[in-house]
Amino acid sequence: MFVFDGSSHITYSVFQQTLLLAKSVLSSYNISQDETNVAAAVYARDVNVSFAFSDHYSFSAVSSAIDSIPYLNQTSLNISAALETVNDTIFPSGRENAQRVLVIFVSEMLSGNFTQISQGLRDQGVIIIAIGLGSGYSMDQLNSIASKPPAAYVFGISF
């Protein structure tokens, strides 16, 4: 599951680079009904589920779907709503007994109950990888979201 930061805190170009990064990572996996399933959403003030685990079963289909994810260009970054959507809507629709991995992109300082929601996801066995974009995010906040040990699941990138 990829959750993209579509806020105005990043440029459209950086947003496009995060989509390209996801496609690059996914190109190494066998995306099919029985193996790797992919879902994606984009968040800023709003959360937009782009596609679910059962929507696409090939790399080319997932790649095309990722290309159509909209840049929301909204000023606020509601990560709590994004994590709740992942927890309540996306992961329950996935295959049973499949390893669940969440990759979430973050560009700014966060507020809300994101640490409690991310802890709930981790308690359910979800591996969370937090990726900071640019320089506006807090490494401490990324560490509080990501799976433990955080050094293995937290990255900062710039394009």
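# How do you know? Rings, helices and accessibility

Trainee: Let's start with Phe105. What makes this residue count as buried?

Mentor: Buried means a relative accessible area under 20%. Phe105 has 1%, so Phe105 counts as buried. Keep in mind that we're looking at a predicted model.

Trainee: And how do you know that Phe4 counts as buried?

Mentor: Check it against that cut-off of 20%. Phe4 comes out at 0% relative accessibility, so Phe4 is buried.

Trainee: How many aromatic pairs does a search of the whole structure find?

Mentor: The search turns up 5. One of them joins Phe4 and Phe105, with 5.4 Å centre to centre and 10 degrees between the planes.

Trainee: Why is that pair called stacked?

Mentor: Two checks. Ring centres must lie within 6.5 Å to pair, and planes under 30 degrees apart count as stacked. With 5.4 Å and 10 degrees, Phe4 and Phe105 pass both, so they're a stacked pair. This pair links distant parts of the chain: Phe4 sits in strand E1 and Phe105 in strand E4, 101 residues apart.

Trainee: What makes Phe53 and Phe91 a stacked pair?

Mentor: The same cut-offs do the job. Their ring centres are 5.8 Å apart and their planes meet at 20 degrees, so this pair is stacked. Phe53 is in the loop between E3 and H2, while Phe91 is in the loop between H3 and E4, 38 residues away along the chain. Both are buried.

Trainee: How do you know that Arg100 lies over the face of Phe91?

Mentor: For Arg, the CZ atom has to be within 6 Å of the ring centre and within 35 degrees of the ring normal. Arg100 is at 5.4 Å from the ring centre of Phe91, and it does lie over the face.

Trainee: Which residues join Phe4 in an aromatic cluster?

Mentor: Phe2 and Phe105; together with Phe4 they form one cluster.

Trainee: On to helices. Why are H1 and H2 called roughly antiparallel?

Mentor: An angle over 145 degrees counts as roughly antiparallel. H1 (residues 12-26) and H2 (residues 59-67) pack at about 170 degrees, with axes 10 Å apart. That angle is over the cut-off, so the two are roughly antiparallel.

Trainee: Which residues meet in that contact?

Mentor: H1 brings Leu19, Ala22, Lys23 and Leu26, and H2 brings Phe59, Val62, Ser63, Ile66 and Asp67. By type, the contact of H1 with H2 has 6 nonpolar residues, 1 polar and 2 charged.

Trainee: Gln141 and Asp140 are both in helix H5. What makes Gln141 count as buried?

Mentor: Its 14% is under the 20% cut-off, so Gln141 counts as buried. Leaving aside neighbours within four places in sequence, Gln141 touches Glu108, Met109, Leu110 and Phe114.

Trainee: How do you know whether Asp140 is buried or exposed?

Mentor: Exposed means over 50%. Asp140 has 62%, so Asp140 is exposed. The C-alpha atoms of Asp140 and Val154 are 9.9 Å apart, with their places 14 residues apart along the chain.

Trainee: One last case. Why are Gln17 and Leu20 called partly exposed?

Mentor: Partly exposed is what falls between the 20% and 50% cut-offs. Gln17 has 30%, so Gln17 belongs there. Leu20 has 47%, so Leu20 is partly exposed too. Gln17 is in helix H1, and so is Leu20.

Key:
Residues are numbered from 1 along each chain as its sequence is written. This is a predicted model: local features need pLDDT of at least 70, side-chain atom pairs count only at pLDDT 80 or more; totals for chains, interfaces and linings use all residues. Side-chain values use heavy atoms; hydrogens and water are left out. Axes are lines fitted to C-alpha atoms, for helices over the stretch in contact, and angles run from 0 to 180 degrees between N-to-C directions. Helices (H or I, at least four residues) and strands (E, at least two) are DSSP runs, numbered from the N terminus. Angles under 35 degrees count as roughly parallel, over 145 as roughly antiparallel, 65 to 115 as roughly perpendicular and the rest as oblique. Contact means heavy atoms within 4.5 Å. Ala, Val, Leu, Ile, Met, Phe, Trp, Tyr, Cys and Pro count as nonpolar, Asp, Glu, Lys and Arg as charged, and the others, Gly among them, as polar. Rings of Phe, Tyr and Trp (its six-membered ring) pair if their centres lie within 6.5 Å; planes under 30 degrees apart count as stacked, over 60 as edge-to-face and the rest as tilted. Buried means under 20% relative accessible area, exposed over 50%, partly exposed in between (1.4 Å probe, protein chains only).
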